[in-house]
Amino acid sequence: KQEALQDAQAAVDLAPPDFVNGWVRLIDCQYACGDTQAAISTLSRALKACPTFAGIREYKAIVQALGVKGRRIT
């Protein structure tokens, strides 16, 4: 899991901010590693870096899994 997490972080660091697959992968890895707070923080960063992120098909499932549905993510 840690290797996948490092790879996902590298993808976000190296890719353009609108590369949503990198953000999704990083959030998924953090969640799978049990670090929900990091995943929420990454979700916030993704929304700031890529304003269209909230429109991707995975967004609803991410928000539901992280338990932030209906909350303002900053």
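Contact here means heavy atoms within 4.5 Å. With that in hand, the predicted model can be read outward from a single residue of helix α3, T42. Setting aside residues up to four places away in sequence, T42 touches W23, L26, I27 and Q30. T42 counts as buried because its relative accessibility is 1%, where buried means under 20%.

These contacts of T42 lead naturally to the pairing of α2 with α3. The axes of these two helices come within 8 Å and cross at roughly 165°. That angle makes α2 roughly antiparallel to α3, since values over 145 degrees fall in that class. The crossing itself is left-handed. On the α2 side the contact is made by W23, L26, I27, Q30 and Y31, and on the α3 side by T36, A38, A39, T42, L43, R45, A46 and A49. Sorted by class, the residues joining α2 and α3 comprise nine nonpolar, three polar and one charged.

Helix α2, which spans residues 20-32, also packs against α4, residues 59-66. Here the axes lie 12 Å apart, at an angle of about 25°. The two helices are therefore roughly parallel to each other, as angles under 35 degrees are counted that way. As α2 passes α4, the crossing is left-handed. From α2, the residues V24, I27 and Y31 meet I62, A65 and L66 of α4. By class this contact has six nonpolar residues, with no polar and no charged ones. I27 and Y31 are worth a second look: both appear in the α2 contact with α3 and again in the contact with α4.

The loop between α3 (36-49) and α4 holds E58. In space, the C-alpha atom of E58 is separated by 9.9 Å from that of V20, although the two residues are 38 places apart along the chain. With a relative accessibility of 26%, E58 counts as partly exposed.

E58 also brings the charged side chains into the picture. Side chains of opposite charge can pair when their charged atoms come close. A search of the whole structure finds one salt bridge, and it is formed by R57 with E58. The closest N and O atoms of this pair are 3.7 Å apart. The two partners differ in their surroundings: R57 is exposed, at a relative accessible area of 76%, whereas E58 is partly exposed, at 26%.

Key:
Residues numbered from 1 in each chain as written. Predicted model: local features only at pLDDT ≥ 70, side-chain atom pairs only at ≥ 80, totals over all residues. Heavy atoms only, no water. Salt bridge = Lys/Arg side-chain N within 4 Å of Asp/Glu carboxyl O. Buried < 20%, exposed > 50% of the residue type's maximum accessible area, 1.4 Å probe, protein only. Axes fitted to C-alpha atoms, helices over the stretch in contact; angles between N-to-C directions. Helix = DSSP H or I, 4+ residues; strand = E, 2+ residues; numbered from the N terminus. Parallel < 35°, antiparallel > 145°, perpendicular 65-115°, else oblique. Left-handed = near helix turned anticlockwise from the far one by under 90°. Nonpolar A, V, L, I, M, F, W, Y, C, P; charged D, E, K, R; others polar.
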